[in-house]
Amino acid sequence: MNPPLPETAQEEQKSSLVKNGAWGVIASVLQVLFVSLFFAIMARRYQPAVFGRFLVANTVYQIVASFSSMGLGQWFIRQYALEHDKRFFTNKFLKLQAGMGMVFMLINMVVALVLYQDEQIRVLCVVLGTNIVFDNFINAIKTLNVAEGEQRKSAIVLMVDGFLRLLVSAVLFIYPLSIVWLSVLVIAVRLLTLGIMLRLGSSSNINLLSLWRAPVLMADAKQLVLDNWRFVVIGSISIIYWRSGNIIISKMLTLAHVADYEVAFRFFSILQILPLVASSTIYPQFIKYFNSRDLSALKNLYKNIFVLYTLFAITTYVFVYVFADKVIPIAFGNNYPGAVSCMQQMFLTILVLPTVLLQANLIVAMGLEKLDMWFNLISLTVHVTVSIVGLLFFKELQIVNYAVFASFIVFHLLQDVFLIRKEMIMVRHAVLFYLVVVLTAISCQYGSAYIHPYLLFAFFLMLVVVCGLYFILAQRRLQQAVK
């Protein structure tokens, strides 16, 4: 084990972690908020069937796009620290990502033609699929900024991107654009975002001339993908979890159900941002501790973040359960009454999602991405199987939401078993977590029948604050004892 870092160096690392995490959270929240407002305006200005077609096309594009980067972002972050010629390595990576984007843009068109007969859905799939090339390039630059600890650059550009998309939807208040022309404007915004990212939001080592000259041989690209194919699954699975639900709903239920599901997911996408961005920021720190064999620091960081994530999950779930019937009509209007119960059911998953993300990053940081890949595949299989089989017997949207929740429980259990065997956690740690999840869900679903929902939320909020303060004080006492 390496000697511990000096206190000043540890403080600098913590300060950098907090700053990057703060930038990432603020930017992502604002971007998702802007995009959610974009969808909210569309939901109000278009009929549910038209809105549903846009959502289906957007879902197809996002699923195909989730594969287009081949999941190489995490591999790049881990490999970047080991490369001597970082500029050469970065240019090859960016050029490879751009090429993959073009290939998968064509795949997106084929998928649309095979899955759907509706002409408008096909046209929207082709238009929105153009995003894949731009997304690949933008996400590659975001990955570079994470590796260099410069999330601030990406944050600013992506906030602008979200705001510009919001402005596009605001045009609907002035002129009733068709859904296709609105999609064309969205593509124009994405192209502008790419230009801004290249100009302001990327490393000074990047320029178009160096990218053009970067040698990327087909054999090298093929070997890279074959060597790191596990990251394809890991990198795409989060999109597939939710977007596959939209595809299944569109094929087995109605476009109105697709709209209800997407309205609920808009809120989910906002509230999952904090653990999602925090986990990606903590991931490089996990790698540092593991590579330096500082297992004590690794365990402490993991356990501290786990507690914070659990408190966040409880607060979020109770808030959504109590206020879902208020926030949906305010944001999306009164055309989506089914979205209220859908949102309450969907947010069961938030009780386990943050800690699943945390444990997945810990496992990948330990160099066990293959294991994480299998956990992802098993969980996705549970989700798809339960959804399809359940919908064959019960044509209800809740089947998909409960299938997602069940799949995340399976995912979490698999992670727990592994971490217990590696002595990263103890059995009582896992048992206590599931006990908290069960009690929270039961208290909301049955307690709300006897207690005013606002009082129920106030009780849980007070409980979370007390637990949070106790945890902070306990950590301070532990630090003082060590000193």
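Here are some exercises with worked solutions on the predicted model above.

Before you start, note that residues are numbered from 1 along each chain as its sequence is written. Since this is a predicted model, local features need pLDDT of at least 70 and side-chain atom pairs count only at pLDDT 80 or more, while totals for chains, interfaces and linings use all residues; side-chain values use heavy atoms, with hydrogens and water left out.

**Exercise 1: The overall picture**

Work out how many helices and strands the protein has, and what share of its residues counts as buried.

Step 1. Helices (H or I, at least four residues) and strands (E, at least two) are DSSP runs, numbered from the N terminus. Here you get 20 helices and zero strands.

Step 2. Buried means under 20% relative accessible area, exposed means over 50%, and partly exposed is in between (1.4 Å probe, protein chains only). By that rule, 52% of the 483 residues are buried.

Step 3. Now look at contacts, meaning heavy atoms within 4.5 Å. Take the contacts between residues at least 6 apart in sequence: 83% of them join residues at least 24 apart.

**Exercise 2: Inside the protein**

Find which residues touch the most other members of the largest nonpolar core, and which helix gives the most to this core.

Step 1. Start with the rule: a nonpolar core is a set of buried Ala, Val, Leu, Ile, Met, Phe, Trp, Tyr and Cys residues joined through side-chain atoms within 4.5 Å.

Step 2. The largest one has 123 residues, and those touching the most other members are M42, F54, L182, W242, Y261, F286 and Y317. Helix α14 (residues 295-332) is the top contributor, with 18 residues.

Step 3. Pick F286 and skip its neighbours within four places in sequence. Its contacts are then L298, L301, Y302, L358, N361, L362 and A365.

Step 4. Don't stop there: another core lies apart from the largest one. It has 17 residues, including V127, I141, L144 and L158.

Step 5. As background, nonpolar side chains tend to be buried together in soluble globular proteins.

**Exercise 3: Hunting for salt bridges**

Count the salt bridges, then say where R53 and D118 sit along the chain.

Step 1. You're looking for a side-chain nitrogen of Lys or Arg within 4 Å of a carboxyl oxygen of Asp or Glu. There are seven such salt bridges.

Step 2. R53 pairs with D118, and their closest N and O atoms are 2.9 Å apart. This pair links distant parts of the chain: R53 is in helix α2 (residues 48-68), whereas D118 is in the loop between α4 (86-115) and α5 (119-129), 65 residues apart. D118 is partly exposed, at 27% relative accessibility.

Step 3. Next, try D161 and R165, whose closest N and O atoms are 3.0 Å apart. Because they are four residues apart in helix α7 (residues 151-170), about one helical turn separates them. D161 is buried at 0%, and R165 is buried too, at 18%.

Step 4. Zoom out a bit: D135, D161, R165 and R190 are linked in a network of salt bridges.

Step 5. Finish with D325 and K326, a salt bridge with closest N and O atoms 3.2 Å apart. D325 is partly exposed at 40%, and K326 is partly exposed at 38%.

**Exercise 4: One loop, two residues**

Decide whether I425 is buried or exposed, and do the same for E423.

Step 1. Place them. I425 lies in the loop between α18 (398-421) and α19 (427-447), and E423 is in the loop between α18 and α19 as well.

Step 2. Check accessibility. I425 is at 4%, so it counts as buried, but E423 is at 59%, so it counts as exposed.

Step 3. Look around I425. Leaving aside neighbours within four places in sequence, I425 is in contact with Y302, D416, L419 and I420. The C-alpha atoms of I425 and K299 are 8.2 Å apart, though 126 residues separate them along the chain.

Step 4. Check the backbone of E423. This residue has a positive phi of about 60°, although it is not a glycine.

**Exercise 5: Cysteines**

Find how many disulfides the structure holds.

Step 1. The test is a pair of cysteine sulfur atoms within 2.5 Å. The count comes to zero.

Step 2. Compare two cysteines anyway: C125 is buried at 0%, whereas C467 is partly exposed at 35%.
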